[in-house]
Each structure stands twice: as structure tokens, then as C-alpha cells.
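Thanks for making time. I have one structure to go through today, so please put it up on the screen.

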Amino acid sequence: MKRMNGLRDDELIRQIESRIDIVDIIGERVELSRRGNRFWGLCPFHSEKTPSFSVSQERQLFYCFGCHEGGNVFTFLKKHDKLEFREALQYLANRAGIDISRYQSVRPSAKGARDNTIFEINQEAARFYHELLMSDFGKTAREYLLQRGVDPETIEKFYLGYAPDDWRQLEEHLLKKGFPIEAITESGLVRRSQRSDLYIDFMRNRIIFPIHDLGGRIIGFGGRLISGEGPKYLNSAENRIFSKRFHLFGLYHGREAIRSASEVILVEGYMDCLALHQYGIGNVVATLGTAFTREQAKLIKRYSETVLVMYDGDEAGQRETMRALEVLRQEGIYAQVIPLPPGIDPDNLVREKGKEEFLNFVQNNRVTVTEFKLQNYVKSGLTANLERKVEILWSLFPEVDRVKSVLEKERQLNILAHRLNLPEGDVRREFNSWKRSRSSVGSIRNRNRVFRNNRKREEKPESRHFEERLLVRMIADYDLYKRIKEELGIDTFSDPSVRNLALTFDCVCSTGEPREAQDRFKEKIVIDDELSATWARICMLEEENPLSAYEIDDYFKHLMVTRERAQWQEFGAQLAEIELNGDFFSVLRSIVRLGNMTFGRAGKEGSHESGKET
Ligand SMILES: [Zn+2]
């Protein structure tokens, strides 16, 4: 795992954990109520009617007894808000009022610090643009937005702004704020003019759309020309923190809605996205004025398995739709298309119809990729002869074949038959022969298939596993840790994930103060999803059924007896071997070994006693 800031991360995590309560963070996303010493709610990770999702304030962990998801606040944000670890870190630091740059800028590498300066410049520029829009100077721009139907709430929510029709205002403002000119130019908002050798503002006379990353930071800007000459849309220049192909407009604001709708509407323009959000349809994202990329598809996949492509109804829109569909296919994302009539875009559709009717339109008009392609073929009038029809069929069969449901597959084949005016039986036979022809190369294709549902989880038996309970006690009780290490060895834990946690703790103990071992252990596993999840599960279960001192002693005794018995058995086998073909030296060796065995036992018991005294 990549750790950008090494030790500094630990310190930051500790700061965050001391100021953030997991109950608050989860409580904002899941309705929780207190029962006993835990909070309970309906699990956001599986569907259920009675709460089996629990949050422990004391331990700062969550665990679902139904689907076994569990972990700490970072794990939760990663799973629930689909944040990367660093994004979660950023988000929580913001919440805790911690200036994350303090932890990054002290690093010897200046890169983090420079990135931070760009973020700060973007933030300051966004404020500058927004305040201008809301001031007298922004009157024309505000009127333009109003006339396009953008209401004040949406302006606030997306923090829209106005770049004045001037060459130097932003630059002067940023300089006044103390930013160095090198950083300002690096942000891409100000650039050196080739003609006059002066620095000039990049965005002029434009409505400004700040673009957020998933941590809520502003990484770049889109600008729409209000009047005059120049490209209609412009993005701020790419730099180290802003690359258009990796981001989507609206994703930050829409991520909650996308998750709950479990599908996302992909549109082309900033205005489309704004309009739908304004009408209460939040599961919408827009590309940043460029062709849809695989990186963007990957980003979407973190939130949603289904994408509805809703591009403009004109020819360019259709072409882009085809391209987007291909990208989605490559990423294994299920896609549907909502075709729009020529001259209509999502923006004017939702304004014309309102929310309910718009949603009905989406429901009634969404078509599968097969149908969309077929519609396009039929439209282009290429259905004349049988040969061409077969050609169309074969080009669409891969789409049909990707459908998992048998019924849906049938339905699509029937639609094909109907649209191409062919008997259903013929189309099905053609489909089968296509499949046969393909099976010879099938293995290669299958290899590339994306298995989306890879959340395979080894089902643990519900019975409270002894080793797990012992581990929880061991980590809470340093003396017990020493006793286990000396008498049984850390590898006494047979379950791989439990052993992994035990070894992590062991490693932490060998490098510092025993008193802090538990804290350092938690910091250590924070960034590891798997360990965090296992740890949460184990802790929550142990709490239900804590191990008694008596049970622990019993376990030690039992294990010692078992080991002794094994040793004697082995010794007996050796004796038998010696009896058969032994020499004097092997007899001697065995006698020495016997002595060691008895002495070793006495010695271990001795150390146990002394361990108890301290
Ligand atoms: Zn669950």
C-alpha cells in the first residue's frame, strides 16, 4: 500500500481519530439509535428490515452481524462514500478542522506542498469568482444564469462564479493574497501572454463552474462564455492536480443520490447537470466537455453498476453516445441509453416536463444498447436485404450475449426479430450458430470478461471463535501477549487473518513502548481494509461474549498437554526406531532430548509464575 507521507500519516490519523466520532460520521448517513453500549441501524451494505448494523463508540468501529461488513471510520467512508483512503483522510481532516497541509508541507518532498498551494489558489479563485457573480459586477452574468433557469440555490450549491471581462483581476487578487506568481501560473488560471509578455487571466467574461474532486476540493474550473468571441466552453488548463479525463462534473454533489438510485445518468454538459440537480434529480454526472474516458468509467463504477447515457439528440450526440457505450462496455458497466429527439438536451427536457414527467420519460424511453444500436441501423435505412439484416444481427449478438438474464436475452432477440421483420425462430437459430462459431475463440474472450461481483467472502461460522476472542484479549492485555508469545508462540493462531493481526501486533510491540502498543496497532491497520474489517468483526463479537481468565488458563493448559503428548509420541516413535536399527549415539541423543523436554517444561512454568508477579 502506498503511504505518501510515511510517519506523518500516523500522526494525522491520530489527530483525526481524537477529534472525530465514528457515530457522528455514520449517523449522518445511517439512522442510528442507541441500544446497550452500541448504536444500531439498518445496514447500508445489505438490505434488511431489522437492524443488524452496529457502531461502537467506545471502540470506534462498526460491524454488521448480517453481512459481516466492518471496520473503522476510514473503512466506512471508503465503502459507503466510495472514497479512496487519501480522500477519506482529506474529508475527515476537513471535518476535524485540521489543516492537512501542516502534515504534508513538512515533508522533504516539496510536491505535496506545491499541490496544496494549487488547491489553495483554486479555493481562493473560486471565492473570488463567486463573490463577483453575487456583486454588482456580476449582474449581467446573474441575469444570464437566471434566464437559463439556474436558481440562486443551485448557484450556491455548485458555487458558480463569474470571471470578469478583464485581463488581470484574478492575478492581482491572488498576488494580493500572497501567492507566488509561479504557483499562480501553475494553477493554469493565469498565463503568460505570448504577445505582451504579461500575465493574463485565462478565464474572461465567463460563467465559472468549479470542479470538485471526491474529497470536495476544487481541482479545476469550467467556463462558459457569456458573450463575444472565443470557444463556448473552456476548462482551466490541466496540471498536476487536474486532469480532465479523471474527473466528472457533479459526482461530488451527486454521490449520495447515485448510490441510493444505484444508477447514474451521464450527460454531456455542465448546464444539463445543473438543471437536473436543480429539479431534484441528483444522480447525474457530466463529462468535462471531452469524450467519455475509461478513467471516468472507473470512477463511476465505484458508485454505480448501471449508467444511463443521455446525450443530445443531434448527430454529434449520437456519435458520442456510441463511443461512451464502447468505453462502458470495456469497463464492464451495464449501460442503457435514453435517446432524445434532435434539438433536445436534458436541460430543456427537464425544464419543459418537470421532475415527475422527466423521470417517467426516462423510465419509458430507456433502451438497451442492442435496441439503441438497432434503432440507429434501422434509421440509417440499411435494412434492405437479408444479407444486410444478418450482418446487423451478428454485430448486435455480442450485446445480446452479454445480458445475463435468460428472459431478457429472449426478449432482446424477439425485439431484434420484430424490428428487422424476421421470424423469431430464425433469429434465435442465427444467434445459436453465432455462439457456436464463437466458442472456438471463446476462451480468449472469457478471459477479458469483467467479474463485477467479486465480493466473495469466506463465511465464518457464527460460533464465537476461540482464537479470535483470545486475540482481542491479547491486544488489550500486554501481559497476556507476553505469556502467549513465550509459552505458545505468536504462530499459535491458526486462522490466517487472526494470525495476521497477531503478527501485526507483535511487530508493533517489538518496536516501542508497550503502553502505546494498542494505539499503534490500530494506526497500523487503519489503512488496511481487510485487517480493519476482521478486527472490527472480532472485537464486536468478543464484546458479546468476552473470554474469562478461567477459559484462558484452561486453553493454555489444554495446549501444553497437547504439545507434550505430541512430543512423547514422537519420542516413542524414535525409541522404536532405535530398537530396530539404532546405534549408541542415537540412544545418547534421545536421552539428552528427554532431559531437555522435562527441563524445558519446568523452565516455562517458572517464567509463567514470574510473569504473573509483575
Ligand atoms: Zn450488512
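I will go through two strand regions and then two residues in loops.

Before that, a reminder that this is a predicted model.

Start with the antiparallel part. Five strands make up an open sheet, with antiparallel pairing, and the order across it is S1-S2-S3-S4-S5. Which strands are at the edges? They are S1, residues 33–35, and S5, residues 70–71, and each of these pairs on one side only.

Within that sheet, look at S3 and S4. S3 covers residues 53–56 and S4 covers residues 61–64; the two run antiparallel and are joined by four bridges. To find the register, take Ser56: its bridge partner in S4 is Leu61.

Now the loop that connects those two strands. Gln60 sits in the loop between S3 and S4. Gln60 is not a glycine, yet its phi is positive, at about 60°. For context, most residues other than glycine have a negative phi. Is Gln60 buried or exposed? Neither label fits: Gln60 has 17 other C-beta atoms within 10 Å, so it counts as partly exposed. The cut-offs are 20 or more for buried and 12 or fewer for exposed.

There is a second case further along the chain. Asn205 also has a positive phi without being a glycine, here about 50°. Asn205 lies in the loop between S8, residues 199–201, and S9, residues 206–212. With 19 other C-beta atoms within 10 Å, Asn205 is partly exposed. The count of 19 falls short of the 20 needed for buried, so the label stays at partly exposed.

Next, the parallel part, which I will describe from S12. This strand runs over residues 263–267 and is mostly covered, with four of its five residues buried. What does S12 pair with? One partner is S14, residues 306–309, which runs parallel to S12 and is joined to it by four bridges. In that pair, Ile265 has Leu308 of S14 as its bridge partner. Another partner is S13, residues 284–286, also in the parallel sense, over three bridges. Here Val267 stands opposite Ala286.

How do S12 and S13 connect? Helix H12, residues 270–278, belongs with these two strands in a β-α-β unit, and that unit is right-handed.

To recap: the open sheet from S1 to S5 pairs antiparallel, whereas S12 pairs in the parallel sense with S14 and with S13. The two positive phi values to check on screen are at Gln60 and Asn205.

That is what I have.

Methods: Residues are numbered from 1 along each chain as its sequence is written. This is a predicted model: local features need pLDDT of at least 70, side-chain atom pairs count only at pLDDT 80 or more; totals for chains, interfaces and linings use all residues. Two strands pair if DSSP finds at least two bridges between them. A crossover is right-handed if, with the strands pointing away from the viewer, the path from the first strand over the helix to the second runs clockwise.
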